[in-house]
Amino acid sequence: MSVAIPPPESVRGMKILDKEQFKLTESIPAIRLRPQLVSKYLKKLQDKLLRQPGVKHVQNCSKGDKLLLLTPSSVGGTPLSAGLVEEVAFDGGVVIDHQLTLEYHHWTMPHILKAVLPVDTREIPSSFETIGHIAHLNLPSELTEYKNLIGQVLLDNNPQIRTVVNKTNSIDETFRFFKMEVLAGDDDLMATMKENGCQFTFDYSKVYWNSRLATEHRALVGLFHPGDIVLDVFAGVGPFSLPAAKKGCIVHANDLNPAAFHSLQSNAEINKLPIQCYNMDGRDFIRKMATDVMCNPSQQKPIHIIMNLPASAVEFLDVFHSLTIQSRPTIHCYHFSKAEDAKKDTVDVVNKTLGVTLADGSFTIHQVRDVAPKKLMVRISFELPLLILPHQQQQKQIVGPTDDTPSSKRSKLDQS
Ligand SMILES: C[S@@+](CC[C@H](N)C(=O)[O-])C[C@H]1O[C@@H](n2cnc3c(N)ncnc32)[C@H](O)[C@@H]1O
């Protein structure tokens, strides 16, 4: 929104928010006239009216008159033409100088930060991610001195936010959650939010959560059918597992992070979903599922294995070399690729770990999102090649879907 009058220049460089310093009295042009004429002049003066958050451009005045506030020329307003001034006078009105007092709450976050932060600031913080009542900023180091002021301004301008955090530069290497500091508001990092029809509660400072994956969570669960078996190896607090269970899939969900595991369990309970939860290393979980689920000869339902740990999930595929299983699961494995050809890179690393070559047409690749410049998050989905299983191994050769795979076990994959 365009703003007519900026905060006073004296707030530039402020590091501790002092709202009093924003008080400003400015002389602006205004037209005083009888109430019956307001609509006529509102139409005529559309482009000249003052546009200031929290200030009405039509104000009451003494003796029942109205005042139309106009943009002062000091901030780009165009003076009234002599003809217009005459017309106002003819209508019994008058053009006056009006003393307008503005305070901190008359500006929005971008206006305040633009006035406070150094003129050469490369990017004025304006967008942020929300996780329930928490706003999550990722401030560049050049703004470190201003971080608490920025947090407070964000809080003041967004009534739905109670806590503002800043991502510090590091990520927990194993459990993938961001280290963060509270900049303003309540020191309460227990977030509650909805995604894909399910409610999630978790301690944002202890577990992984990324609202930008909501579409991917929905897209993958969209490929499953009621009754399918879903094994979520790196489940986090359950954004794949809960909607899958809600859809009628039989879900086993695992995470090594105890905090994620506890939230997963309580989220399943809160949403009244019968999910089996595990707190194990991913390889151990897959081995356990090989015995408990994938070895059952009467198991005819399609099995999906979700592996969303893009920094290293592919490495976990080596576990399949040592498994004896009856079923042929479909694996949905995520991968970060920095290669020019992310699709080729993803297939290459999967082939290398599996020790086979997935044939063209036996897998699908889906580009999930840009994580950083030249770094893509990719999903590869494929049926586990029979030849990598020890009891099936004869000689390594080109592997593709086999004619003997029951069609009931084939999943419908997206073709992107
Ligand atoms: C990128 S997060 C994905 C979480 C969730 N699936 C989602 O989409 O939001 C990866 C998860 O893997 C878990 N994790 C990391 N190493 C693991 C391991 N060796 N075994 C099992 N879980 C692990 C982390 O705790 C984290 O919750």
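Which residue in β18 is the bridge partner of Cys 333? Keep that question in mind while the tour goes from the ligand to the strands.

This is a predicted model, in which local features need pLDDT of at least 70 and side-chain atom pairs count only at pLDDT 80 or more, while totals for chains, interfaces and linings use all residues. Residues are numbered from 1 along each chain as its sequence is written, and side-chain values use heavy atoms, with hydrogens and water left out.

Select the ligand first, together with the 20 residues around it, of which His 217, Phe 234, Asp 255, Gly 282 and Asn 308 come nearest (a residue is near if one of its heavy atoms lies within 4 Å). Next, show the pairs of N or O atoms within 3.5 Å, which are called polar contacts. A polar backbone atom of Phe 234 is 2.8 Å from a nitrogen atom of the ligand, a polar side-chain atom of Asp 255 lies 2.7 Å from one of the ligand's oxygen atoms, and an N or O atom in the side chain of Asn 308 is 2.8 Å from an oxygen atom of the ligand.

Now select strand β15, residues 330–337 (strands are DSSP runs of E, at least two residues, numbered from the N terminus). This strand is largely enclosed by the rest of the structure, because 7 of its 8 residues are buried, meaning under 20% relative accessible area with a 1.4 Å probe and protein chains only.

Add strand β14, residues 303–307, which runs parallel to β15 and is joined to it by 4 bridges (two strands pair if DSSP finds at least two bridges between them). Met 307 has Cys 333 as its bridge partner in β15.

Finally, add strand β18, residues 375–383, which runs antiparallel to β15 and is joined to it by 8 bridges; here the bridge partner of Cys 333 is Ile 380.

Notes:
Polar contact = N/O pair within 3.5 Å; in protein donor to acceptor, adjacent residues only side chain to side chain. Buried < 20%, exposed > 50% of the residue type's maximum accessible area, 1.4 Å probe, protein only.
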